[in-house]
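Here are a few short exercises to work through with the model open beside you. Try each task before reading its solution.

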Amino acid sequence: MSEQTVTPEEEATVAPAEAVTPEKAEATVTPEATVTPREAEAPPAPAPHALPDGAPPLPEAPPLVPVAADASPEAPRRVLRAVARWTAAALAFGVLGTGTAFGIASLERTDVPGLTTEGDGRWDYPDLSLPALPAGSPRPFSSGNPAEIHHADLRELLLPAPAGAKPDKKLTGGWISTETFLDAYREQDRRSVAQLLKDAAPRHIAARGWTMPDGTTSRIYLVRFNSTAFASRMIDDLNVGSSAGTPLARTDTTDLDTTWGSANDIENLSSFVFAEQAPFGAEHVRQAYTLAGDTMALVVHERPGKRETARIPFQQTLILQNQLLA
């Protein structure tokens, strides 16, 4: 709040003890000084100075306000009390206005009604938490688990569906067979992938799928092997790396997704992210493999039509799933 400037006339009527500070601006200020009628009398006007030759004439004096002859001594005090009340009110509203402005400025934009921020397309996932571990079992990447084994129930490591999703009747979040997992690949490649799975002998496969209101279909597969070596070999045998490797069903030309940056990577995990390039067929597919210790994850987003599958919800899904595996 800016400093108040007191004129000589105000100094004559306001005692120093009556000064109002910002901390006390909301309080009612009652002046304590008493002004007698003698003190209210104006001093005699000084004699005017002579004007030098050629100087412009002085402006006319403002008209005097007549005072009733029977004015009581309480009149000046009522004036002072009114001035004090108006001063306190002005200061109070100044402090209130400043505080309100600061409060709004300190809020997030979406916290202020009418000032919402346009969403970036992210899906509304529920709050995530890691599942409980068997007694005495360490987390996969802790110092007490050099083999990087996931001891938690694999089904509980699956990312839950977001709000508004329609669940997949086949991929319900439980265990699935090898044949159901093979449905993710093109029909002509399923036999070769089946042989890879037979050689690697995975322990469990769990999956969850759903469809969003815009038609985007999401599928997440988690495949746990007997060791990190088997999981890593499965990634290599699928030729996943600089390319998407063995094509998924309903895909044409799939290349590395250059929008996925190192900032999205999670420690101890390796992700390989791809997006189908134009021209694509009846749907657009985004896919990613993640190597997380003894577990391989495959995340797929697929959207029918000529519009690409949204990038932000796909990367959001992948990051959240990776966090559960890490």
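**Exercise 1. How many aromatic pairs does this predicted model hold, and how is the pair of Tyr 125 and Trp 210 arranged?**

Step 1. Counting ring centres that lie within 6.5 Å, we arrive at 4 aromatic pairs in this predicted model.

Step 2. Take the pair formed by Tyr 125 and Trp 210: the centres are 6.3 Å apart, with 80° between the planes. An angle over 60 degrees counts as edge-to-face, so the pair of Tyr 125 and Trp 210 is edge-to-face.

Step 3. Now place both residues in the chain. Tyr 125 sits in the loop between α3 (74-106) and β1 (166-175), while Trp 210 belongs to strand β2 (residues 204-211), so their pairing ties together parts that are 85 residues apart in sequence.

Step 4. Check the surroundings: both Tyr 125 and Trp 210 are buried.

Step 5. Look for further partners. Trp 123 joins Tyr 125 and Trp 210 in a cluster linked by ring pairs.

**Exercise 2. Describe the pair formed by Phe 181 and Tyr 185, and decide whether each residue is buried or exposed.**

Step 1. The ring centres of Phe 181 and Tyr 185 are 5.8 Å apart and the planes meet at 70°, an edge-to-face pair.

Step 2. Buried means under 20% relative accessible area. Phe 181 has a value of 0%, so Phe 181 is buried.

Step 3. Tyr 185 also counts as buried, because its relative accessibility is 0%.

**Exercise 3. Where is Thr 295, and what does this residue touch?**

Step 1. Find Thr 295 in strand β7, which covers residues 295-304.

Step 2. Apply the cut-off for burial again: with 0% relative accessibility, Thr 295 counts as buried.

Step 3. List the neighbours, leaving out residues up to four places away in sequence. Thr 295 touches His 150, Leu 154, Leu 222, Val 223, Arg 224, Ala 231, Thr 290 and Leu 325.

Step 4. Pick out the polar contact: the side chains of Thr 295 and His 150 make one at 3.4 Å.

**Exercise 4. Summarise the protein chain as a whole: what is its pattern of helices and strands, and what percentage of its residues count as buried?**

Step 1. Count the elements: there are 7 helices and 7 strands.

Step 2. Read them along the sequence, which gives α-α-α-β-α-α-β-β-α-β-β-β-β-α.

Step 3. Turn to burial: 32% of the 326 residues count as buried.

Step 4. Finish with the surface. The accessible surface of the protein chain is about 20300 Å², and carbon and sulfur atoms account for 55% of that area.

Key. Residues are numbered from 1 along each chain as its sequence is written. Side-chain values use heavy atoms; hydrogens and water are left out. Rings of Phe, Tyr and Trp (its six-membered ring) pair if their centres lie within 6.5 Å; planes under 30 degrees apart count as stacked, over 60 as edge-to-face and the rest as tilted. Helices (H or I, at least four residues) and strands (E, at least two) are DSSP runs, numbered from the N terminus. Buried means under 20% relative accessible area, exposed over 50%, partly exposed in between (1.4 Å probe, protein chains only). Accessible areas come from the Shrake-Rupley method with a 1.4 Å probe; for residues, only the protein chains shown count as cover. A polar contact is a pair of N or O atoms within 3.5 Å; within protein, one must be able to donate a hydrogen and the other to accept it, and residues adjacent in sequence count only if both atoms are side-chain atoms. Contact means heavy atoms within 4.5 Å.
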